[in-house]
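Here is a short set of exercises to try with the structure open beside you. Have a go at each task before you read its solution.

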Amino acid sequence: MCATAVCAGAAAWFVGGRDQGLRRARLLFAGGGPVQMPPWWSWERVLPVIRQRREWLCVPVGMVLAVLGESLLPLVAGALAVPLARRRLRAVKRRKEEERRAEGVIGLCGAVASELRAGLQPGQALLSAVRSTGVLGGAEAGVLAAARFGGDVPQALREAAGEPGADGLAGVAACWRVAVDSGAGLAAGLDRLEAALRAERDQREDLRAQLAGAWSTIVLLALLPVAGLAMGAALGADPLKVLFHTPAGIGCLVIGGLLETAGLCWAARIVRTGEEA
């Protein structure tokens, strides 16, 4: 009951407390007219909170298992799983950002080459392409300043290439340097660079598609203990009571959890080694 009250209070704070400033702003700038505020409990409020804090879903899952097994161990495990889930979600988010940035670099190469063929000067072409793609992020100001005021554009591009996923900008900087020093065609070099980056992206996607079967196998193996517990409950046994309330069950739970974690880490390391290669 105490755990339920704590989780309910946390949910109420996440859903209602964080929107106090928004409600006050709406009331202040409503122009004196009536303000229609949604109820404190609505899907419009709950869904954004769930999307932003998905790692906290481990706590309700642990609470359900704690109620079913009449033990606090699942609730404690759910609370301990929150930082691990947060770390995993952040890693997935960083990976998506890297892929988006890498795709933006490919688009930047094509956009600059197109602007050059349209008759623009390299600096103007880079300005137009950077503004249209928005791939540089925090380094955009430096690159734009170098291109607009005659600065060291290759150096600015190399600094921007330090962002995760923006490695292709180092190739853009090299093409720019060669074109400035020797008078070579910048558009042709960017076309070759774009083709090389696309080929690398296609190879990476093909490898990921081949490894999708391995990841599916890992997930299936990870869910086998859950399937075993469900089958035991369907046959009339009480596996949760045995696991949480008997010494043998607690020992099996600890050893099985360690073996499960070791197996998942080992399998994930094998697959990631294939991805890195």
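**Exercise 1. Place Arg201 in the structure: which helix holds Arg201, is Arg201 buried or exposed, and which residues is Arg201 in contact with beyond its sequence neighbours?**

Solution. This is a predicted model, so please read every value below as computed from that prediction.

- Step 1: Find the element. Arg201 belongs to helix H10.
- Step 2: Check the surface. The cut-off for buried is under 20% relative accessible area. Arg201 has 16% relative accessibility and therefore counts as buried.
- Step 3: Look for partners. With neighbours within four places in sequence set aside, Arg201 is in contact with Glu103 and Ile106.

**Exercise 2. Describe how H5 and H10 pack: at roughly what angle do the axes cross, and which residues make the contact?**

Solution.

- Step 1: Start with the axes. Those of H5 and helix H10 (residues 186-234) cross at roughly 155° and come within 9 Å.
- Step 2: Turn the angle into a direction. Angles over 145 degrees count as roughly antiparallel, so H5 is roughly antiparallel to H10.
- Step 3: Add the handedness. The crossing in which H5 passes H10 is left-handed.
- Step 4: Go through the contact residues. H5 brings Arg95, Glu99, Glu103, Val105, Ile106, Cys109, Gly110, Val112, Ala113, Leu116 and Arg117, while H10 brings Leu186, Ala187, Leu190, Asp191, Leu193, Glu194, Leu197, Arg198, Arg201 and Arg208. You will spot Arg201 from Exercise 1 in this contact, along with its two partners, Glu103 and Ile106.
- Step 5: Sort them by type. The contact of H5 with H10 has 11 nonpolar residues, one polar and nine charged.

**Exercise 3. Now do the same for H4 and H5: how far apart are their axes, and how do the contact residues divide by type?**

Solution.

- Step 1: Helix H4 (residues 58-69) packs on helix H5 (residues 73-117) with the axes 7 Å apart, at an angle of about 165°.
- Step 2: H4 and H5 are therefore roughly antiparallel.
- Step 3: The crossing of H4 past H5 is right-handed.
- Step 4: On the H4 side the contact uses Cys58, Val59, Gly62, Met63, Leu65 and Ala66; on the H5 side it uses Pro74, Leu75, Gly78, Ala79, Ala81, Val82 and Ala85.
- Step 5: By type, the contact of H4 with H5 holds 11 nonpolar residues, two polar and no charged.

**Exercise 4. Examine two loop residues on either side of H4: where does Glu55 lie, and is Glu70 buried or exposed?**

Solution.

- Step 1: Glu55 sits in the loop between helix H3 (43-52) and H4.
- Step 2: Its relative accessibility is 8%, so Glu55 counts as buried.
- Step 3: Leaving out residues up to four places away in sequence, Glu55 touches Val82, Ala85, Arg86 and Leu89. Val82 and Ala85 also take part in the contact of H4 with H5.
- Step 4: Glu70 is in the loop between H4 and H5.
- Step 5: With 66% relative accessibility, Glu70 counts as exposed.
- Step 6: Check the backbone too. Most residues other than glycine have a negative phi. Glu70 has a positive phi, near 55°.

**Exercise 5. Follow the chain towards its later helices: at about what angle do H10 and H12 pack, and which residues is Pro239 in contact with beyond its sequence neighbours?**

Solution.

- Step 1: H10 and helix H12 (residues 247-276) have axes 10 Å apart and pack at an angle of about 180°.
- Step 2: H10 is therefore roughly antiparallel to H12.
- Step 3: Among the residues that meet here are Trp215 and Ile218 in H10 and Leu264 and Val271 in H12. The contact of H10 with H12 divides into 12 nonpolar residues, one polar and three charged.
- Step 4: Turn to Pro239, which is in helix H11 (residues 239-245). At 17% relative accessibility, Pro239 counts as buried.
- Step 5: Neighbours within four places in sequence aside, Pro239 is in contact with Leu229, Gly232 and Ala233.
- Step 6: Compare sequence with space. Pro239 and Gly69 lie 170 residues apart in sequence, and their C-alpha atoms are 8.6 Å apart.

**Exercise 6. Step back to the whole chain: how many helices does it have, and what percentage of its residues count as buried?**

Solution.

- Step 1: Count the elements. The chain has 12 helices and zero strands.
- Step 2: Of its 277 residues, 28% count as buried.

Key: Residues numbered from 1 in each chain as written. Predicted model: local features only at pLDDT ≥ 70, side-chain atom pairs only at ≥ 80, totals over all residues. Heavy atoms only, no water. Axes fitted to C-alpha atoms, helices over the stretch in contact; angles between N-to-C directions. Helix = DSSP H or I, 4+ residues; strand = E, 2+ residues; numbered from the N terminus. Parallel < 35°, antiparallel > 145°, perpendicular 65-115°, else oblique. Left-handed = near helix turned anticlockwise from the far one by under 90°. Contact = heavy atoms within 4.5 Å. Nonpolar A, V, L, I, M, F, W, Y, C, P; charged D, E, K, R; others polar. Buried < 20%, exposed > 50% of the residue type's maximum accessible area, 1.4 Å probe, protein only.
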